Structures are given as C-alpha cells and as structure tokens.
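Got your viewer open? Load the model, switch to a cartoon view, and let's walk through it one selection at a time.

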Amino acid sequence: MMAAQKINEAHEHIAKAEKCLKTSFTKWKPDYDSAASEYAKAAVAFKNAKQFEQAKDAYVKEAEYHTENKALFHAAKALEQAGMMMKDMKRMGEAIQYIEKASMMYVENGTPDTAAMALDRAGKLIEPVSVEKAVDLYQKAASVFENEDRLRQAVELLGKASRLLVRLRRLDEAAASIQKEKNMYKEIENYPTCFKKTIAQVLVHLHRSDFVAAEKCVRESYSIPGFSGSEDCAAMEQLLQGYDEQDEDVVNRVCNSPLLKYMDNDYAKLAVTLKVPGGGKKKKPPAAPQGGAGGSQAAAEEDDYEGGLC
C-alpha cells in the first residue's frame, strides 16, 4: 500500500515537472530549475517504493534540467544518485558510467575535490566486481588530486591502485606506481613510509626476476633521511644478499619476519611466496680441501656461484 502511494506521488511530481517545462505566449522559457526540483522529488518517491529503474530515470531527468540551467554541481549530484540506483540493481557497469560522468561534471564545475572523491567511491563499489576497473578509477582520482597539489590525498589513492596492480600480477605497472608513491611521500617528507615503499619495490622487482632493479631501489633509498641504519634497510640488505647467494634460509627468515609479514596483504603475499632462483637450494660452504679430486670438485662448485645473479 505504501509503495503504491509513493509511486502515485512520484507521478504527480513528474506531471508538475512537465508543466514547468511548457511554454506559452506569456511564458517563453521553460522553468528548468523547478522541473529539476520536481524530478528530484519524484526520484526520492520512486526510491522509497523500491522502483530503482524509475528512480534512476528521474535522477537522469533532474541532471538534464540542472544542466540546462547551468547548475552543473547539482546535475553531477543527480547523476551520482542515478549511479547509486544502478548499484542497488546490481548493474555495476552502468553505475560506474554515471559516476564517472558526474566526476567530469564536478571538474567542469570547478570542484575537483568532489570529483576525486566520487571516483574513489566508484572504485570501492566496483572493486569486488572488477579489480581492473577499480585500478583505473583510483588512478584517475589520484591524478585529479595531484593536479590540485593535494599530494597526501593523491598518494593514498595511488597506493590503492598499486596494491591492486600487484594483486592482478601486473608487476611492471605496479613497480612504476610504487615508485611514484615513493616520490610523493619523499616530497611531503613522510620518510618512514618511503622505507615501506622500498620494501614493496624490492618484493615486486624480485618477483619480476629483476635483481638489478631491486638492488637499485635500495641503493637510491640511502639518500632518504633515516633509511641507512633502519631495520627496513638492514632487512632489505639481508634479503638481497640471501637472494643473490641463493640462500633459501636467509630469504625465508627475512620474508617471514614481522616487518614483511604485517605489510598490506598484497605485499605480504609477495613476501611469503618469494622463491630464490636456482630451485631454492641453500648454497653450502665448500668443504675444506683434502687434496686430490675432492678439493678440486668443491672449488669448482663454488665457482658455479661466483658473482651471484648479476
């Protein structure tokens, strides 16, 4: 009974909106502002009646007439609401399309912060359904904040994108994204977080089988105040040495230490699944030469590992 009343109420508002749009000899211009207001009321009534498709249509009409009236901020808000109706109908792709369109309107209106926050919300909505699309939305949101010199907000969103890129195993892109994060944290002088980003970089590069890039990340981090002598630095030096020497015990010990184990889940998984090259066998020190063939053979085995991986 209540739903039927709400639906009737919605149709009454639509009738009023259409009346506002009519012109005559005494009314030359449609009253877009009043029409938008009536469609907004109709949308709420449909929403309360759980008629989400009709509510979406009403919000889209509201946005259309706000746009005609040059009220872009209100138009964008209405499109966001249309997106929410699609979300309630589990039509996530359409929901995101409306929210992205709304974010462009916010930028056009001169409210980029609102645009970035809308993209962030859209990213959270789509992440359980499409991690790839969530990455795109978080990156767009980060770019909007970065263009406004809002680096703290930008880097937080970039961090979300980096973690999802790791989850997707798009490791080349993840490495570039983490480097960008690290540069931003350095710029805002958040040095301890730079240390954590160095660990993430090393793990990503080692999973890419790029020991040289991993080593370079650590070497470059020596210029960050406080890195040299930190537990992060010591752990990465040990990890790189163990990896280079194919010492499975050292690598496992570092990767299962609390420092790495309690990182963000996607990076912690990189740590616990890292394998040393060469089949993961620990390199044994050569036995003391006893003369004859045995000593020569031990020396030859040692030479096989000379120079590590580089």
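Before the first click, one cut-off to keep in mind: a residue counts as buried when its relative accessible area is under 20%. Also remember that this is a predicted model.

**First stop: Lys197.** Select Lys197, which sits in helix 10. Is Lys197 buried or exposed? Its relative accessible area is 8%, so Lys197 is buried. Now show what surrounds the side chain. Setting aside neighbours within four places in sequence, Lys197 is in contact with Ile178, Glu181, Lys182 and Tyr185.

**Next: helix 9.** Those contacts lead us to residues 171-187, so colour helix 9. Do its ends sit where its length says they should? Let's look at the span: helix 9 has 17 residues, which at 1.5 Å a residue should cover 24 Å, and the end C-alpha atoms are indeed 24 Å apart. Now pick out the buried residues of helix 9: Leu171, Ala174, Ala175, Ser177, Ile178, Glu181, Lys182, Met184 and Tyr185. What covers them? The cover includes helix 7, helix 8, helix 10 (191-207), helix 11 (211-221) and helix 15 (265-272).

**Either side of helix 9.** Step past the end of the helix to Glu189, where phi is positive, near 60 degrees. Then go back to the loop between helix 8 and helix 9 and click on Arg169. Here phi is near 65 degrees, a positive value in a residue other than glycine. Arg169 is partly exposed, with a relative accessible area of 47%.

**Across to Lys90.** Select Lys90 in the loop between helix 4 and helix 5. Its phi is positive too, near 65 degrees, and Lys90 is not a glycine either. How accessible is Lys90? Relative accessibility comes to 70%, so Lys90 counts as exposed.

**Now helix 6.** Colour residues 112-126, a helix of 15 residues. From first C-alpha to last, helix 6 reaches 21 Å, close to the 21 Å expected at 1.5 Å a residue. Show its buried side chains as sticks: Pro112, Thr114, Ala115, Ala116, Ala118, Leu119, Asp120, Ala122, Gly123 and Ile126. To see what they pack against, turn on helix 4 (72-88), helix 5 (92-109), helix 7 (131-147) and helix 8 (151-167).

**Zoom in on helix 5 against helix 6.** Hide the rest and look along this pair. Their axes come within 7 Å and cross at roughly 170 degrees, which makes helix 5 roughly antiparallel to helix 6. On the helix 5 side, the contact is made by Met92, Ile96, Ile99, Glu100, Ser103, Tyr106 and Val107. On the helix 6 side, select Pro112, Thr114, Ala115, Ala118, Leu119, Ala122, Leu125 and Ile126. Colour this contact by residue type and you get twelve nonpolar residues, two polar and one charged.

**Zoom out.** Bring everything back for a last look at the whole chain. There are 16 helices and zero strands. Of the 310 residues, 45% are buried. Take the contacts with a separation of 6 or more: 57% of them join residues 24 or more positions apart. Finally, switch on the surface: the chain exposes about 16,500 Å², with carbon and sulfur atoms supplying 50% of that area.

How values were computed:
Residues are numbered from 1 along each chain as its sequence is written. This is a predicted model: local features need pLDDT of at least 70, side-chain atom pairs count only at pLDDT 80 or more; totals for chains, interfaces and linings use all residues. Side-chain values use heavy atoms; hydrogens and water are left out. Helices (H or I, at least four residues) and strands (E, at least two) are DSSP runs, numbered from the N terminus. The expected span of a helix is 1.5 Å times one less than its number of residues. Buried means under 20% relative accessible area, exposed over 50%, partly exposed in between (1.4 Å probe, protein chains only). Contact means heavy atoms within 4.5 Å. Axes are lines fitted to C-alpha atoms, for helices over the stretch in contact, and angles run from 0 to 180 degrees between N-to-C directions. Angles under 35 degrees count as roughly parallel, over 145 as roughly antiparallel, 65 to 115 as roughly perpendicular and the rest as oblique. Ala, Val, Leu, Ile, Met, Phe, Trp, Tyr, Cys and Pro count as nonpolar, Asp, Glu, Lys and Arg as charged, and the others, Gly among them, as polar. Accessible areas come from the Shrake-Rupley method with a 1.4 Å probe; for residues, only the protein chains shown count as cover.
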